[in-house]
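Reader: Could you take me through one part of this model up close? I'd like to know what packs against what, in plain words.

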Amino acid sequence: MSWNDELYHIYEHNCGRKFDENEPVMLPVSHSTANSQIEIVIDENGEFKGARKVDKSEAVTIIPVTESSAVRTGCGAIPMPYADKLLYIAGDYSVFAEGKRSDNTMFYTAYMAQLNRWCDSEYSHKAVKPLYAYLDKKCLMSDLIKAGVLETDEQTGKLAPNVKIAGIPQEDSFVRVVVNTPDGIIRTWEDKTLYDSFISFNSSLMGENQLCYASGKMAPVTYKHPSKIRNSGDKGKLISANDSSGFTFRGRFADKEEAVSVSYEYSQKVHNALRWLIEKQGEALDSMTVVVWASALQEVPVLKKRFIEDDDPVFDDDEESVPTTAPGYMAMLKKRIFGYRQKLEPNTKVMIMGLDAATTGRLNISFYSELEGSVYLDNIERWHLQTAWKRYNNKKKISLINSFSLYEIIRCAFGNEQGNFIECDKKFMRDNVLRLIPCVTEGKSIPADIVNGLYHKASNPLAYENDYNHRTVLETACGMIRKQRIQNGKGDISMAYDPKLNDRSYLYGCLLAIADKAESEAYAAEERNSRVTNARRYWNTFSQRPYQTWGVIEERLRPYLDKLGKSQVKYNKWIDDIMSRMAPSDYADNRRLDPIYLLGYHHFTDYMYNGNKPENEEE
């Protein structure tokens, strides 16, 4: 349960500080959020001054909540303490509303009784009494209609059906309040003095002290823990014990009090800290949310992305700053990781948490791990270093050394081409990204089935109509094969063509690259994007039976070489050079090629297009 303590410390260290303008605000204890559709303005005497519809972009509103209203559903009358729906706060709701809940007497009475208790308590606030005085007049609906915020049917005088405000039926609108006082305007959802007033009032209503299992202290406990953890519409709860039929406890405990006991304050702080972290730096993947944070909230690298994203500042500099060689990439990686290290304090920990919804009302922790900050950075650096490969960035139209995002790896290994993109089932993507996260954060081995999936996908270019998609799959496969070789103790491999590497599979991959480029060069310019070379047509078979298939490819390549005239000399020389490095027994071996053949293909293709040709080679 250490995640509880880590979140509790995050709350204690950040709840009182001033947040930046674009930074989410950490919710106070006894507060939650709601999406408001209507904003009303009243003065200090409870007189209506105006109203407006709230745009979706500014709808999120911090509201006071009681222990019960924070988790209310559609059953019963459980009012919010201050801002609430029209159903609860409009005394004349039944005059204009139709349907099952047109009579809101029960809801309005419960709301006003609760607001009156706060109003009459020693913890009252100058924004509470004006609201009570105004709502007691039972004229909210008529005022909103006069202000043009609500629409009515001309014939019946009731609220017009099928009219929505920010996507919500107007009769279900949530209302927030602005109070004009002689001392200034109080935007009640942003007023810290109102927060503190309600916290004190709510604390006075709590029950007797009991032992909190999480903190070990005696304090008022709660069995109604917050929802809305991942977003304002999230109904899932991390802690819940509302099943009284015997299923939850399975005979181990007599009642829920014996099973779990967490203080109200502790629960509020832990959940509010987690909600704040997710809003601030969480990453969503289908129904799963992943959040990474340091114990002192220092900046740490995002674990699911490439090392260099498309919006990276490196592209704003001159082209020489973009890493196009392994040493340049390594220097940039170490420099950036060093920048993170400088910000870490001694004994800093990094927490990685994944949250997923088991059901609509239940939230589970899919994984959780804690690492020393230095170990986390070491593992991140190792991942980006060992998975890096020379890649083509289609948006920037440039080749560079870069690593791969976890999404790219899974899409390329298991996805299919859909239009111009490679797509993968979201649930399948989520489950497999979960498998890769420990490879990044804890240095675990990359699963073999993922590498095998990339091997088979890259070996089947005819499955892709878009050549760039196959190129992406091929590059991803090369990066993960390189990573697998390193983790299996077979040593690193260069990111450029290695004329000293005489591995059978690697050399066969080089032959395939030569045949592919030679035939493509023989095509007319207008045919090169539409015709498929024999090398690509037989690629998949070639990977399974290379000796037999190379004979077919080489035979069909000869007419194209003849069309090249003098240019065929370099291709013949390359083929002869590769063949001379293969032992006759290796060449005649018809077994399936090892994955390293893809690296040979990619290396030699890059070598032919871009690389380090010996002087006077063509002559």
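Author: A quick bit of groundwork before the close look: an axis here is a line fitted to C-alpha atoms, for helices over the stretch in contact, and angles run from 0 to 180 degrees between N-to-C directions. Keep in mind that this is a predicted model.

Let's look at the pair α10 and α11. Helix α10 covers residues 326-343 and helix α11 covers residues 373-386; their axes come within 11 Å and cross at roughly 165 degrees. Angles over 145 degrees count as roughly antiparallel, and α10 and α11 are therefore roughly antiparallel to each other. As for handedness, the α10 and α11 crossing is right-handed.

Now for the side that each helix brings to the meeting. From α10 come Tyr-329, Met-330, Leu-333, Lys-334, Ile-337, Tyr-340 and Arg-341, and they meet Ser-374, Leu-377, Asp-378, Ile-380, Glu-381, His-384 and Leu-385 of α11. Sort the residues of that contact by type and you get 8 nonpolar, 2 polar and 4 charged.

While we're here, one loop residue is worth a look too. Thr-188 sits in the loop between β9 (184-187) and α7 (192-203). With 7% relative accessibility, Thr-188 counts as buried, because the cut-off is under 20%. Leaving out residues up to four places away in sequence, Thr-188 touches Tyr-82, Ala-127, Val-177, Val-179, Leu-194 and Tyr-195. For Val-177 there's a polar detail as well: its backbone oxygen lies 2.6 Å from a polar atom of the Thr-188 side chain. Finally, Thr-188 and Val-128 are 60 residues apart in sequence, and C-alpha to C-alpha they are 9.6 Å apart in space.

Notes. Residues numbered from 1 in each chain as written. Predicted model: local features only at pLDDT ≥ 70, side-chain atom pairs only at ≥ 80, totals over all residues. Heavy atoms only, no water. Helix = DSSP H or I, 4+ residues; strand = E, 2+ residues; numbered from the N terminus. Parallel < 35°, antiparallel > 145°, perpendicular 65-115°, else oblique. Left-handed = near helix turned anticlockwise from the far one by under 90°. Contact = heavy atoms within 4.5 Å. Nonpolar A, V, L, I, M, F, W, Y, C, P; charged D, E, K, R; others polar. Buried < 20%, exposed > 50% of the residue type's maximum accessible area, 1.4 Å probe, protein only. Polar contact = N/O pair within 3.5 Å; in protein donor to acceptor, adjacent residues only side chain to side chain.
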